[in-house]
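I opened this model to see how its helices and strands fit together. My notes follow in the order I looked things up.

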Amino acid sequence: MITAESFKQSVLQWAETCNVEVREIHIRKMKTKWASCSSRGRLTFDRALLRQPKNQRTRIIVHELLHLKYPNHGKMFKALLKAYTGSAE
Ligand SMILES: [Zn+2]
């Protein structure tokens, strides 16, 4: 379990690594998925992610960050996801 504050810190660090601009990070209870993003740089993460293992959190974070650059799950998206997290899922 990590705090919302340190979760946000790691999102910002990954944003720097991925070279994407994040405007807002929200953490709240979500019903159907781990995270969502808007094209304007606003990210929302499920509060339950704070309890997930680090590699799972990282995958979700990088996945959403890459969506700020690539709206779909195309070739580029998958290649970058794999490069950053070691997994293309
Ligand atoms: Zn996606």
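**Helix H2**

The model is predicted, and I began with H2. I counted 14 residues in H2, and its first and last C-alpha atoms lie 20 Å apart, close to the 20 Å expected at 1.5 Å a residue.

Next I asked which residues of H2 are buried. They are Arg57, Arg59, Ile61, Val62, Glu64, Leu65 and Leu66. I noted two arginines and a glutamate among them. I then looked up what these buried residues pack against: H1, strand E2 (35–37), E3 and helix H3 (75–85).

**The nonpolar core**

I pulled up the largest nonpolar core, which has twelve residues. They are Val11, Trp14, Ala15, Ile27, Leu43, Phe45, Ile61, Val62, Leu65, Leu66, Leu68 and Leu81. Helix H1 (4–18), strand E3 (42–46) and helix H2 (54–67) each supply at least two of them. H2 gives the most, with four residues.

I picked two core members for a closer look. Phenylalanine 45 came up first in my notes. Beyond its neighbours within four places in sequence, Phe45 is in contact with Ile27, Trp34 and Ala35.

Alanine 15 was my second pick, and this residue sits in helix H1. Is Ala15 buried or exposed? I count 20 other C-beta atoms within 10 Å of alanine 15, so the residue is buried; the cut-off for buried is 20 or more. With neighbours within four places in sequence left aside, Ala15 is in contact with Val20, Val22 and Leu65. I also took a distance along the chain: alanine 15 and glutamate 5 are ten residues apart in sequence and 15 Å apart in space, C-alpha to C-alpha.

**The sheet**

I traced the strands next. Three of them form an open sheet in the order E1-E3-E2, with mixed pairing. E1 and E2 are the edge strands, each pairing on one side only. From one strand to the next, the twist averages 15 degrees.

How many bridges join E1 and E3? There are five, and this pair runs in the parallel sense. Arginine 28 has aspartate 46 of E3 as its bridge partner.

E2 and E3 pair in the antiparallel sense, over three bridges. Serine 36 stands opposite threonine 44 in E3. The hairpin of E2 and E3 has four residues between the strands, and there glycine 41 takes a positive phi near 90 degrees.

I then compared the two faces of E3. Leu43 and Phe45 make up the covered face. Arg42, Thr44 and Asp46 make up the uncovered one. Leu43 and Phe45 are also on my list for the nonpolar core.

**Loops**

Two loop residues were left to check. Asparagine 19 lies in the loop between H1 and strand E1 (24–28). Its phi is positive, about 60 degrees, although the residue is not a glycine. Most residues other than glycine have a negative phi. Asn19 has 8 other C-beta atoms within 10 Å, so I logged the residue as exposed.

Lysine 31 is in the loop between E1 and E2. Why is lysine 31 classed as exposed? The reason is the count of 5 other C-beta atoms within 10 Å, against a limit of 12 or fewer. My last distance was from lysine 31 to aspartate 46: these residues are 15 residues apart along the chain, and their C-alpha atoms are separated by 8.2 Å. Asp46 is on the uncovered face of E3.

Terms used: Residues are numbered from 1 along each chain as its sequence is written. This is a predicted model: local features need pLDDT of at least 70, side-chain atom pairs count only at pLDDT 80 or more; totals for chains, interfaces and linings use all residues. A nonpolar core is a set of buried Ala, Val, Leu, Ile, Met, Phe, Trp, Tyr and Cys residues joined through C-beta atoms within 7 Å. Two residues are in contact if their C-beta atoms, placed from the backbone, lie within 7 Å. The expected span of a helix is 1.5 Å times one less than its number of residues. Two strands pair if DSSP finds at least two bridges between them. Axes are lines fitted to C-alpha atoms, for helices over the stretch in contact, and angles run from 0 to 180 degrees between N-to-C directions.
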